[in-house]
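Biologist: Could you take me through one part of this model closely, namely the open sheet, and then place that part in the setting of the whole chain? I would like a connected account rather than a list.

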Amino acid sequence: MPNIVRPFVGDSLNIGFLYYIYMGMLAVFCTNAINILAGINGLEVGQSLIIAVSIVIFNCLEIFMGRSDQGHSFSLYMLLPYIGTTYALWLHNKYPSKVFVGDTFCYFSGMTFAVVGILGHFSKTVLLFFIPQVINFLYSVPQLFHFIPCPRHRLPKYNSTTDKLDVSETQFRYNQLHPFGKVAVSIFKHLRLIKWEVANDGVVRTNNFTLINFVILKCGPMREDRVTWILMGFQVVCTCVAFMIRYPLAGYFYKY
């Protein structure tokens, strides 16, 4: 337990059946978080590979420091073969892709990470390695819950003339939005997180709320491989942040 609540609840708290609910929610999140940050060559496999390598580095650090090596050894048994096969897949899936993956790979990868996190007793740390996926989920919430019109596919548009990707869009009338949708677009518009164009007939055009579209919105139209490398680079940066949170900063909140 965090240091701030230990005087009230002790070093640990038995939440009983609520832990089963937490495990189910973690499994659902891990599988779908990868699946909704996907759709361009190499991205699904690339982000999964970075997450897996990050967890392996964490496992090795914990074993080296003598902390509960059994759970971390189990994680290594699962993830080392996963990394080998996923890297081979990525070589064929990166731009220009010769092999395409779908929902099955995303669900398999997410469930693998959820399983090693739960059985290895480091599920909170696993979530730290999902920072880009958490950001993408929070950014996507207004569309995922249909507060904003959500098309079946929110992938960026491909311009065959320039061989570049551009943002995909959704349209709506502001006065017809759900109240939560109005709040969300107002906040996003104020923070300049979305494109906002209003036609003469009152129809609003804005980009679909995904991290992929956001990168293109801020950086401009670009080739598909460059978008993938930017997002994978962001995943690596977030992994470094995760390790900073897990080690230098965690000591201020948790006792080891």
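**The open sheet and its setting**

Modeller: In this predicted model, strand β5, which covers residues 203–207, pairs with β4 in the antiparallel sense, and two bridges join them. One residue pair can be named here, since Val204 in β5 is the bridge partner of Val198. The pairing belongs to an open sheet of three strands, which run in the order β3-β5-β4 with antiparallel pairing. The edges of that sheet are formed by β3, residues 169–173, and β4, residues 197–198, each of which pairs on one side only.

Turning from the sheet to its setting, the chain as a whole holds ten helices and five strands, and its C-alpha atoms fill a box of roughly 65 × 50 × 30 Å when taken along the principal axes. Of its 256 residues, 43% count as buried, while the area that the chain exposes comes to about 14100 Å², with carbon and sulfur atoms supplying 66% of it. As for how the chain is connected, if one takes the contacts between residues at least 6 apart in sequence, 71% of them join residues at least 24 apart. Finally, on the side of charge, the chain carries 20 positive and 12 negative side chains, and the centres of these two sets lie 6 Å apart.

Technical notes:
Residues are numbered from 1 along each chain as its sequence is written. This is a predicted model: local features need pLDDT of at least 70, side-chain atom pairs count only at pLDDT 80 or more; totals for chains, interfaces and linings use all residues. Side-chain values use heavy atoms; hydrogens and water are left out. Helices (H or I, at least four residues) and strands (E, at least two) are DSSP runs, numbered from the N terminus. Buried means under 20% relative accessible area, exposed over 50%, partly exposed in between (1.4 Å probe, protein chains only). Contact means heavy atoms within 4.5 Å. Accessible areas come from the Shrake-Rupley method with a 1.4 Å probe; for residues, only the protein chains shown count as cover. Lys and Arg count as positive and Asp and Glu as negative; His and the chain ends are not counted. The place of a charge is taken as NZ of Lys, CZ of Arg, CG of Asp or CD of Glu. Two strands pair if DSSP finds at least two bridges between them.
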